[in-house]
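Please open the model in your viewer and keep the selection panel at hand. The tour goes from one whole chain to the pair of chains, and then into a sheet.

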Number of protein chains: 2
Amino acid sequence: MISPRAPGFTGSRIDRADALRLDEERIAALLGHLEARLLRLETLDPVLGEDGRLAWDSMAGLGDGAESLFLGLDGDAPLFAPLARMAPITGHARSVFPLLDRMDSGDAALWAAARSLIEWHNRHGFCSVCGSPSEIFRAGWARRCLSCAAEHFPRVDPVVIMLAEHDGRVLVGRGLAYPPGRYSALAGFVEPGESIEEAVARELFEEAGVRAKSVRYVASQPWPFPGSLMIACIAETESDALTLDRTELEDAMWIDRAGIEAALTGAAEAPFQAPPHFAIANTLLARWLAG
Amino acid sequence: MISPRAPGFTGSRIDRADALRLDEERIAALLGHLEARLLRLETLDPVLGEDGRLAWDSMAGLGDGAESLFLGLDGDAPLFAPLARMAPITGHARSVFPLLDRMDSGDAALWAAARSLIEWHNRHGFCSVCGSPSEIFRAGWARRCLSCAAEHFPRVDPVVIMLAEHDGRVLVGRGLAYPPGRYSALAGFVEPGESIEEAVARELFEEAGVRAKSVRYVASQPWPFPGSLMIACIAETESDALTLDRTELEDAMWIDRAGIEAALTGAAEAPFQAPPHFAIANTLLARWLAG
């Protein structure tokens, strides 16, 4: 039996202390705090210590004039991440997946917030309203235009990820760039002017040609590639007849309970390779199996 | 007895036909289609006909060289909205609330998508990566930088909106700019690196000092001021002792079932004035009451 765990990238135990972000004097004092720590990163990936936990440096690691992001308070200790400008990273940066495999979910959540914010800063050095350079604001949780003073806040892009369900089976699909054998839940961005439930129905019809009769919410998690909020749902469909959008999916198939259990346990006879435990598709499959 | 209706701004019956957006020839043909219609707007507000439905113009209303946004297909008829540049609108633009009061929810949904996109274009004329001007792309559903070719997609900002629940009562609060007598569910933006459930718990603690024991999802809807995805939840709390953040809330109070029913029916003895039916806080209160 599979026991569903909490979704990946959740369970950070730090206090985001957002009320402090606008207080520049207080943030300056926290930067000089004896217990202040700086998240160690290689490009955007975390570095793990021998205990498998996130590695941290003293604030001396930041370098003169370098900017930082206030992640929050771990007890009394203020936590920061470096905000070095770098070229935008494209794609999922799968180099980090082996690390995530063995990271504590709370550590992964803390790193995820830092990664999403750093990448957002890297793609938002200029004001979208007037085109002028912008500066870091709110201790790294916003930017402000140096010319028109427009304030810009980090993006969080809601994505629906869903299992179509029909007659005791669920639908898994293969994206065009998936590793060999991998199938997962279908997914897509929520668009302006639609609800979660409408986005689920639209995506299932667009990608697989199945009509949703009902949609139920299951769970959510952040996904820091670069900054999505994954919203996992199960949708009962009218039929199991598929019409695949081949620009999105290489294949899709309906799998029964035994097949999902085999995939989640990594059994030799599994009909597909399940997504990793830190992806909410894994949580979604496990929750469906658990009923 | 209150019977909860579907959330506001949902139930649009048009086909967004997103597969056509990248096909410039097809979009040009749709612009010239005999049945093509242009959404009539006053600034960003809809115009209603005598039947209370959205008013539409022929495409001649667009004017030479003016740009448009492809909303989708209503049967065979392609629907567009004008993309005139205008000064960004700030605040909720409550002028539209009396119209929304009598609009069909599907019409409101269609208009909401247009409003969100138009306002997004108005605030995103420049590339955030390099500061150069950008152009409309994907029939209005994206922008592309004329210099670095970076693609930019409309923002959809997820917001959690929640009722704290304790001992048969729920918590409603008064924001600083609410109309007289109005109370509603507490709400806040989901931040990078947190789940829906974590955002609910953080916001309830920050704004009202109550700790969530469990969070359950209830419903969602878009909110086009300017582009939020409202995610409505109920959170059981450990206690009902409040510590209000007075920078966010003028007041908050716990209300029992009779009080919520009185508010939703607009009874004279109601302890507060309920939010309008097109706000998901209304749906959330009605769903809680319905059990």
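Helices, as the word is used here, are DSSP runs of H or I with at least four residues, and strands are runs of E with at least two, both numbered from the N terminus. The model is a predicted one.

Begin by selecting chain A and colouring it by secondary structure, which should show six helices and 15 strands. The radius of gyration of chain A is 21 Å, close to the 19 Å that the globule rule gives for 291 residues, so chain A is as compact as a globular protein of that length. If you align the view with the principal axes, the C-alpha atoms fill a box of roughly 60 × 45 × 30 Å. Of the 291 residues in this chain, 44% count as buried, and among the contacts in chain A with a separation of 6 or more, 64% are between residues 24 or more positions apart.

Next, show both chains together. Chain A is superposed on chain B by a rotation of 180 degrees with 0.0 Å of shift along the axis, at an RMSD of 0.0 Å. The two copies are thus related as by a two-fold rotation axis. To find where chain A comes closest to that axis, select Gly131(A), whose C-alpha lies 2.1 Å from it.

Now select the residues at which the two chains touch: 42 residues from chain A and 42 residues from chain B. On the side of chain A, the elements that contribute two or more residues are helix 3 (105-122), strand 10 (157-166), helix 4 (196-208) and strand 13 (212-223). Coloured by residue class, this side of chain A divides into 20 nonpolar, eleven polar and eleven charged residues.

Finally, hide chain A and turn to chain B, where an open sheet of four strands has the order 4-1-6-5, with mixed pairing. Which strands stand at the edges of this sheet? They are strand 4 (56-57) and strand 5 (68-74) of chain B, and each has a single partner strand, so one side of each is left without a neighbour in the sheet. Zoom in on strand 1 (residues 37-39) of chain B, which runs antiparallel to strand 4 of chain B and is joined to it by two bridges; within this pair, Leu38(B) has Asp57(B) as its bridge partner. Then add helix 3 (residues 105-122) of chain B, which lies across strand 1, strand 5 and strand 6 (77-82) of chain B and runs at about 160 degrees to strand 5 of chain B.

Definitions and conventions: Residues are numbered from 1 along each chain as its sequence is written. Chains are lettered from A and ligands numbered from 1 in the order in which they are written. This is a predicted model: local features need pLDDT of at least 70, side-chain atom pairs count only at pLDDT 80 or more; totals for chains, interfaces and linings use all residues. Two residues are in contact if their C-beta atoms, placed from the backbone, lie within 7 Å. Ala, Val, Leu, Ile, Met, Phe, Trp, Tyr, Cys and Pro count as nonpolar, Asp, Glu, Lys and Arg as charged, and the others, Gly among them, as polar. Two strands pair if DSSP finds at least two bridges between them. Axes are lines fitted to C-alpha atoms, for helices over the stretch in contact, and angles run from 0 to 180 degrees between N-to-C directions. The radius of gyration is taken over C-alpha atoms; the globule rule is 2.2 Å times the number of residues to the power 0.38. A residue is buried if 20 or more other C-beta atoms lie within 10 Å of its own, exposed if 12 or fewer, and partly exposed in between; C-beta atoms are placed from the backbone. Copies are superposed by least squares on the C-alpha atoms of residues with pLDDT of at least 70 in both.
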